[in-house]
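The following exercises are intended for a reader who is new to this structure. Each task is followed by a solution that proceeds in steps.

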Amino acid sequence: MRVSAVEDGTRVQPNAVYVIPPNAELSILNGVLQLLEPSQPRGSNLPIDCFFRALAQDQGENAICIILSGTGTDGTLGLKAVKGALGMAMVQRQDTAKYDGMPRSAIATGLVDYELSPRDMPRELIRYARHAIHEAAPGISLASGGAPDSLQKIFIILRDRTGQDFSLYKKNTICRRIERRMSVHQIDSVDEYETYLRESANEADTLVKELLIGVTNFFRDPEAFDVLRNGVLPGLLADKPDDYTVRVWVPGCSSGEEAYSLAIVLHECMEKLGRRLNVQIFGTDIDEDAIAAARAGLYPQSIMADVSPDRLERYFSREPDGQYRIGKMIRELLVFAPQNLIKDPPFTKLDLLSCRNLLIYLDARLQRKILPIFHYSLNHDGVLFLGSSETIGRATDLFTVVDRRWKIFRRDPAASSENPGLTFPAASGFTEIQEAQQAEASGGVLKGQEISALRMVEAILDQSESAPCAVIDEAFNAVYIHGRTGRFLEPAEGRASLNILEMARPGLRPELSAAIRRAASTRQEVVQGGVRVGYEKSDFYVDLTVKPILDGHSLHGMMLVAFQETERPEPEDARRAKGRVATRKQKTNAELEHELESTRENLQLTIEELETSNEEMKSTNEELQSTNEELETSKEELQSLNEESSTVNIELQSRIDELSKANDDIQNLLDSTNIATLFLDNELNIRRFTPGMTVLLPLEHSDSGRPVNHFASNLLDVDLEEKSRRVLRDLQILKLEVASRDGKIFSMSIRPYRTMSNVVDGVVLTFEDVTEARTESGLRERADLERRTILDAVSEVITYHDDAGVLKWMNRAAADELGPRSEDALGRKCHEMWGQSEESSKACPGMACVAIGEPREAILSCADGKRWHVEARPMLGRDGNLTGFIEVRRLAESPATGD
């Protein structure tokens, strides 16, 4: 393969290797390579992430990324982008890599398709490319408008294995990701993949990972976040009271980048406004692994491409392995929890709801159900923040546009919270959505056939001289009426109904009901003659005909009910004795026999229906019994869970008691010490202080959380904020003495505040009152100075020696007497200083004074011929022990005194 360095405008060719030149970033557009200036300072570039992202945007599902041995985490975010575009990811197996940092970081995403040694990569790469790209890729047909049975089975398998229901997601997106998994395994049909999915132990989890790929990063669409910070949030927060809690919900938060970005922007906005409001941000997602990653708040080094150096330094801490962990100040603002947006209850009373790039994966009908829920969740002036590819669709009556380009909307307070479109939870419309989808797929055809059949019936009846009639459906509702049926049917009182039994005239209903039921059960024509019908103040007779319409599926279950008015029927004996007038009694008996026969038939039908109902009730009873047993089992499980919860609560209470006791001990320790202590966080806000600090700063317990520079210090010429920032920057302990306005002196110490995990989370300032010690020391020094001044003024030679006879101090007269020798006299013994022999030093009264602990005196002669009267006195320390002696010398007046 030909290897060459990339030049601007190089078109990618087969069987060629292109090497990026130094100090450049590489991108691709329409298959043409482009060189760019590095976007980060030297040493901070992430060229692999940069190129992978460009490759994903340019090549989409044809993109393939391969990560080999290397240090750091470059390539991880780019791999996510490739997978989000339905591309393929291949990574070198860690045990074959000399440097496993990059492979390990990529594999940790859970999105890698192949983990192989370099030796095995070419074979799988060629197989994949041949199957997924060069050959006709396997596909899932949605031409009928609905999901095929195999896709429905895949949904069922995923729901049973993982508990996630993807049937409400956009079918095209789901199918493309399933097709990508089919290409990875070289499977040619969706039926084969459904079998493989059912038999594989891990494929279901992998497919769910594919379906839940969260293509996200910090500050995605930076301009949108700038608009939010500078244009939307200031107005939202400006009129909020100081004790207000700002509530934010980020559904579909994935691994937390979006939620942390909002927290940082909120913090920056509040700083700019000079406000310190409480903030609660709820990040939720259906993927529990993503939630665990969000809670950890640990991100690869490659986030430097999305987060500015200032934000990295301020809101993140660098781990030993080069990764970045979100700072505690931001982490404490967020709560992450697993949640299914379409099934679980929403968060309410929100000021900001950020749902970016989630709605694009959901069916349009489901979107229409979710947007009213978002409207319900927001406060009256709440803000909705969507992705750049998303819209509010038909919900224009619920939201007003704040920024059309970046899809920022404000809740319209004029819209009723009891909007008829609000359905909660959104999944409650699941059956309705399924039925609607099935109606689109098959119901639409049947409906067309049904309309055609009705028109055909209408044409036939119009062209014939048939009796008045009605076409009814399985629920006995009239769907078509022919002729004048007013003598037989009339609308019932109350709620409007087209049920033919409710509209039947008096006397007609029992016979009509029996005939319809008999025709429905036998699927044959039923004729009931001579039925007496009451109409206004007289009666008439009608021949009733009920005939099922046998026309395939189009009019299945429908029947034709015809009414033919007739003469009053004659009894059998009246026909035999034609011309003879029958008695009223005979007529009455015939009518009664006729009614009795009809009643018997109705009763038989009722009995049969009752038996059927009994069987159904028996079946229902068995189901209820089974349900009851399941409820009993669930009750036992709940009881077990309650016991476990009680145990956990007891343990937690024990931990709380221990923490409370430890907190009490620390509080008492701090209160009892005479050292004033002040704890500040990374923003130099007051976290805690001891009572002694109130002497130096006017603090109260309610001042926790306020910046230290808000308080006037009692110290002279000391900027606590500046010195604390210096310690945070240099991480070195600072010690110095400071004075207060009331004349006290304090020994101040500022050191970094380190957590148990060795993370710097502020500073600790201590102030020890050293006024008394400094005053006592000063008095001693002053007394010593006064004594030395007096001793310098006398004419006697006075010296001070330690208990070994070594000279430690002498007055001015002694220095004058010694002359040049005084310069090196200190530290020398008595006889050396005065030029005496060592033998004569034994007669020195100073050493005798040390030996007996009492004053001594003597006459000594020196080498220069002078004779001295020497008086020595012992010196005692504060502990009463002998420390040395003082020697006073005067010139002897007469040589006769001798020594």
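A pocket is an open set of grid points with protein on both sides within 12 Å along at least five of seven lines, and its lining residues have an atom within 4 Å of a point. The model examined here is predicted.

**Exercise 1. The chain as a whole**

Task: State how many helices and strands the chain has, and what share of its residues counts as buried.

Solution. Step one is to list the elements: the chain has 25 helices and 33 strands. Step two turns to burial, where 42% of the 899 residues count as buried. Step three considers contacts between residues at least 6 apart in sequence; of these, 59% join residues at least 24 apart.

**Exercise 2. The second largest pocket**

Task: Determine which residues lie nearest the centre of the second largest pocket and which element gives the most to its lining.

Solution. The pocket holds about 1400 Å³ of space. Its lining comprises 31 residues, and those nearest the centre are Val-12, Ala-16, Phe-51, Leu-55 and Ile-64. Next, the elements that each supply two or more lining residues are strand 3 (16-19), strand 4 (25-29), helix 1 (47-59), strand 6 (64-67) and helix 4 (121-134). Helix 1 makes the greatest contribution, with 6 residues. Finally, sorting the lining by character gives 25 nonpolar residues, 6 polar and no charged.

**Exercise 3. Strand 1 and its surroundings**

Task: Identify the residues that Arg-2 contacts, leaving aside its neighbours within four places in sequence.

Solution. Arg-2 is found in strand 1, residues 2-5. With those neighbours left aside, Arg-2 is in contact with Asn-15, Ala-16, Val-17 and Tyr-18. For one of these, Ala-16, the separation along the chain is 14 residues, while the C-alpha atoms of Arg-2 and Ala-16 are 4.9 Å apart.

**Exercise 4. Sheets and hairpins**

Task: Give the strand order of the open sheet of 3 strands, and then describe the pairing of strand 21 with strand 22.

Solution. Strands of a sheet pair through backbone hydrogen bonds, either parallel or antiparallel. In the open sheet, the order is 2-5-4 and the pairing is antiparallel. Strand 2 (10-11) and strand 4 are the edge strands, each pairing on one side only. Strand 4 is joined to strand 5 (residues 32-36) by 5 bridges, and Leu-29 has Val-32 in strand 5 as its bridge partner.

The second part concerns strand 21 (residues 526-535) and strand 22 (residues 538-548), which pair in the antiparallel sense over 8 bridges. Val-527 stands opposite Thr-545 in strand 22. The hairpin has 2 residues between its strands, and Glu-536 takes a positive phi near 55°.

**Exercise 5. Burial of a helix and of a loop residue**

Task: Explain why helix 2 is described as largely enclosed by the rest of the structure, and decide whether Asn-499 is buried or exposed.

Solution. Helix 2 spans residues 76-84, and 8 of its 9 residues are buried, so it is largely enclosed by the rest of the structure. Among the buried residues are Thr-76, Leu-79, Lys-80 and Lys-83. Just after helix 2, Leu-86 takes a positive phi of about 70°.

Asn-499 is found in the loop between strand 20 (478-482) and helix 16 (500-503). Buried means under 20% relative accessible area. Asn-499 has a relative accessible area of 14%, so it is buried. Leaving aside its neighbours within four places in sequence, Asn-499 is in contact with Ala-475, Phe-476 and Asn-477. As a last step, a polar atom of the Asn-499 side chain lies 3.4 Å from the backbone oxygen of Ala-475.

Technical notes
Residues numbered from 1 in each chain as written. Predicted model: local features only at pLDDT ≥ 70, side-chain atom pairs only at ≥ 80, totals over all residues. Heavy atoms only, no water. 1 Å grid on protein atoms, 1.4 Å probe; cavity = no way out; pocket = protein on both sides within 12 Å on 5 of 7 lines; lining within 4 Å. Points joined across faces, edges and corners; volume = space filled by probe spheres on them. Helix = DSSP H or I, 4+ residues; strand = E, 2+ residues; numbered from the N terminus. Nonpolar A, V, L, I, M, F, W, Y, C, P; charged D, E, K, R; others polar. Buried < 20%, exposed > 50% of the residue type's maximum accessible area, 1.4 Å probe, protein only. Polar contact = N/O pair within 3.5 Å; in protein donor to acceptor, adjacent residues only side chain to side chain. Contact = heavy atoms within 4.5 Å. Pairing = 2+ DSSP bridges.
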